[in-house]
Amino acid sequence: MSERTPVYVISVAARLLDVHPQTLRNYERAGFLRPTRTEGKRRLYSVEDIEQLRHLIGTVEQYGLNLTGLKVLLVLRHELRALHDR
């Protein structure tokens, strides 16, 4: 099984991350990830999705950001790396 294989339903993913399922829906709505959907439209999260969310949620908690602030931070990090690489 690959790290990208979708295996966790939203309730399990939320429990693994110690957040409410609505938090995961908010991250999806904000465009931070797109979990796989079953034919019945249920969200399935992979190990990779869980790790990405763990990083994002940790960043939000560390810096006291909302999702808009997280987007700004990620854009600035990306731009800084691009400048550094030049």
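Mentor: Let's begin with a term: two strands count as paired if DSSP finds at least two bridges between them. In this predicted model, Tyr-8 stands opposite Tyr-45, a residue of β3.

Trainee: What makes β1 and β3 a pair?

Mentor: The cut-off is at least two bridges. β1 and strand β3, residues 43-45, are joined over 2 bridges in the antiparallel sense, so they meet the definition of a pair.

Trainee: In what order do the strands of the sheet lie?

Mentor: The order is β1-β3-β2, in an open sheet of 3 strands with antiparallel pairing.

Trainee: Why are β1 and β2 said to stand at the edges?

Mentor: β1 (8-9) and β2 (36-37) each have a single partner strand, so each has one side without a neighbour in the sheet. A helix joins the picture too: α3 packs on the sheet, where β1 and β3 are touched by it. The direction of α3 makes about 80° with that of β3.

Trainee: Could we step back for a moment? How many helices and strands does the chain have?

Mentor: There are 4 helices and 3 strands. Read from the N terminus, the elements follow the pattern β-α-α-β-β-α-α. The C-alpha trace spans about 45 × 25 × 20 Å along its principal axes, and 28% of the 86 residues count as buried.

Trainee: Which angle do the axes of α3 and α4 make where they cross?

Mentor: Helix α3 (residues 47-63) and helix α4 (residues 67-85) have axes that cross at roughly 105° and come within 11 Å.

Trainee: Why is α3 called roughly perpendicular to α4?

Mentor: Angles of 65 to 115 degrees earn that name. The crossing is at roughly 105°, so α3 is roughly perpendicular to α4. On the α3 side, the contact is made by His-55, Leu-56, Thr-59, Val-60 and Tyr-63, and on the α4 side by Leu-70, Leu-73, Leu-74 and Arg-77. These residues divide into 6 nonpolar, 2 polar and 1 charged.

Trainee: Which residues of α1 are buried?

Mentor: In helix α1, residues 10-17, they are Ile-10, Ala-13, Ala-14 and Leu-17.

Trainee: How do you know that they line one face of the helix?

Mentor: Look down the axis of α1: the buried residues fall within an arc of 100°, so one face of the helix is lined by them. They pack against β1, α2 (21-29), β3 and α3. Just after α1 comes Asp-18, with a positive phi near 60°.

Trainee: Ser-11 lies in α1 as well. Why is Ser-11 called partly exposed?

Mentor: Buried means under 20% relative accessible area and exposed means over 50%, with partly exposed in between. Ser-11 has 34% relative accessibility, so it counts as partly exposed. Its C-alpha atom is separated by 9.5 Å from that of Leu-24, which is 13 residues away along the chain.

Trainee: And Glu-28 in helix α2: what makes this residue buried?

Mentor: Use the cut-off of under 20% again. Glu-28 has a relative accessible area of 13%, so it is buried.

Trainee: Which residues is Glu-28 in contact with, leaving aside neighbours within four places in sequence?

Mentor: Its contacts are Leu-33, Pro-35, Arg-37, Arg-43 and Tyr-45. You have met Tyr-45 already, opposite Tyr-8.

Notes
Residues are numbered from 1 along each chain as its sequence is written. This is a predicted model: local features need pLDDT of at least 70, side-chain atom pairs count only at pLDDT 80 or more; totals for chains, interfaces and linings use all residues. Side-chain values use heavy atoms; hydrogens and water are left out. Axes are lines fitted to C-alpha atoms, for helices over the stretch in contact, and angles run from 0 to 180 degrees between N-to-C directions. Angles under 35 degrees count as roughly parallel, over 145 as roughly antiparallel, 65 to 115 as roughly perpendicular and the rest as oblique. Contact means heavy atoms within 4.5 Å. Ala, Val, Leu, Ile, Met, Phe, Trp, Tyr, Cys and Pro count as nonpolar, Asp, Glu, Lys and Arg as charged, and the others, Gly among them, as polar. Buried means under 20% relative accessible area, exposed over 50%, partly exposed in between (1.4 Å probe, protein chains only). The arc is that of the directions from the helix axis to the C-beta atoms.
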